[in-house]
Amino acid sequence: MKITVFDRILTVLLSLVLLAASVMLIAYATNLISLESIYAAVTLVFGNTSLKPMLIIGAVGALLLIIAIRLIVACCSGKRTPPVPTSVLVRTSEYGMTNITLAAIDSMVQRCCRTMQQIKDCTTSVLPSGSGISVALRLVLMPDVAVPEFSEALQKNVKDTVEGLAGVEVNNVSVLIVEPPKQNVRNASAQ
């Protein structure tokens, strides 16, 4: 269970009540106040009702217990997500391991995309995938680009570049065109 804003508010309220209770207990232990004065304070706050002050104190105690249990459950339960790796293994030799960060691979992919004149804007994402990586490209293309041929050439170029420079297997290169290329108005009217 995730700690929500409601749980944080409950934590603050419970902390304030525990602060007040601890001050009252210290004052009681040092004979600064007596139980009769606590009963009088409860009667003053809640008025002269038919309920006994002990019943009111018990109800407040039960409510605090429920809040405390709720917060313990919120803090201690829940799925722990495993940490996302920030690097992948390039190779292992008798001298040790060689790793490369996903940020370094992402930089290679960005450079690869910037060399292609058909790309107006590129956002990349590199994630570990099995024994290699997966690359996701989100592109805005220049006008008059044939998407199927271009995306296939780009996928091959990214795969070859990363595998050649980083030595990491590229399992998948996904391409998402977010803004379709607009056909040039002069070319459309000439046809």
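## Exercises on a three-strand sheet and its surroundings

In this predicted model, an open sheet of three strands has the order β3-β4-β5, with mixed pairing. Two strands count as paired if DSSP finds at least two bridges between them. Helices (H or I, at least four residues) and strands (E, at least two) are DSSP runs, numbered from the N terminus.

Before you start, a word on the ground rules. Residues are numbered from 1 along each chain as its sequence is written, and side-chain values use heavy atoms, with hydrogens and water left out. Local features need pLDDT of at least 70 and side-chain atom pairs count only at pLDDT 80 or more, while totals for chains, interfaces and linings use all residues.

### Exercise 1: Get your bearings

Task: Describe the make-up of the protein chain and its surface.

Solution:
- Step 1. Count the elements: the protein chain has six helices and five strands.
- Step 2. Put them in sequence order, and you get α-α-α-β-β-α-β-β-α-β-α.
- Step 3. Turn to burial (buried means under 20% relative accessible area, exposed over 50%, partly exposed in between; 1.4 Å probe, protein chains only). Buried residues are 22% of the 191 in the protein chain.
- Step 4. Add the surface: the accessible area is about 13500 Å², with 64% of it belonging to carbon and sulfur atoms. Such areas come from the Shrake-Rupley method with a 1.4 Å probe; for residues, only the protein chains shown count as cover.

### Exercise 2: Trace the sheet

Task: Work out which strands are at the edges and how β4 pairs with β3 and with β5.

Solution:
- Step 1. Find the edges: β3 and β5 each pair on one side only.
- Step 2. Take β3 (residues 119–129) with β4: they pair in the antiparallel sense over 10 bridges. Here Ser-125 stands opposite Ala-136 in β4.
- Step 3. Look at the turn. Two residues lie between the strands of the β3 and β4 hairpin, where Gly-130 takes a positive phi near 60°.
- Step 4. Now take β4 with β5 (residues 170–179): these run parallel, joined by eight bridges. Leu-139 has Ile-177 in β5 as its bridge partner, and Val-135 has Val-173.
- Step 5. Follow the chain from β4 to β5: the path goes through helix α5 (residues 147–166), and this β-α-β crossover is right-handed. Right-handed means that, with the strands pointing away from the viewer, the path from the first strand over the helix to the second runs clockwise.
- Step 6. Check the covering of β4 (residues 132–141): eight of its 10 residues are buried.

### Exercise 3: Look into the core

Task: Which residues touch the most other members of the largest nonpolar core, and which elements give two or more residues to this core?

Solution:
- Step 1. Fix the term: a nonpolar core is a set of buried Ala, Val, Leu, Ile, Met, Phe, Trp, Tyr and Cys residues joined through side-chain atoms within 4.5 Å.
- Step 2. Find the best-connected members: of the 26 residues in the largest core, Ile-105, Ile-133 and Leu-137 touch the most others.
- Step 3. List the elements giving two or more residues: α4, β3, β4, α5 and β5. The largest share, six residues, comes from α4.
- Step 4. Zoom in on Ile-105, using contact in the sense of heavy atoms within 4.5 Å. Leaving aside neighbours within four places in sequence, the contacts of Ile-105 include Val-126, Ile-133 and Val-162.

### Exercise 4: Check three loop residues

Task: Where do Asn-31, Asp-144 and Pro-85 lie, and is each one buried, partly exposed or exposed?

Solution:
- Step 1. Asn-31 is in the loop between α1 (5–29) and α2 (35–46). Its phi is positive, about 60°, although Asn-31 is not a glycine. With a relative accessible area of 69%, Asn-31 is exposed.
- Step 2. Asp-144 is in the loop between β4 and α5, and has a positive phi of about 65° without being a glycine. At 43% relative accessible area, Asp-144 is partly exposed.
- Step 3. Pro-85 sits in the loop between α3 (53–76) and β1 (87–93). Its relative accessible area of 42% makes Pro-85 partly exposed.
- Step 4. Finish with the contacts of Pro-85: not counting residues up to four places away in sequence, Pro-85 touches Leu-102 and Pro-128. The C-alpha atoms of Pro-85 and Leu-102, 17 residues apart along the chain, are separated by 8.5 Å.
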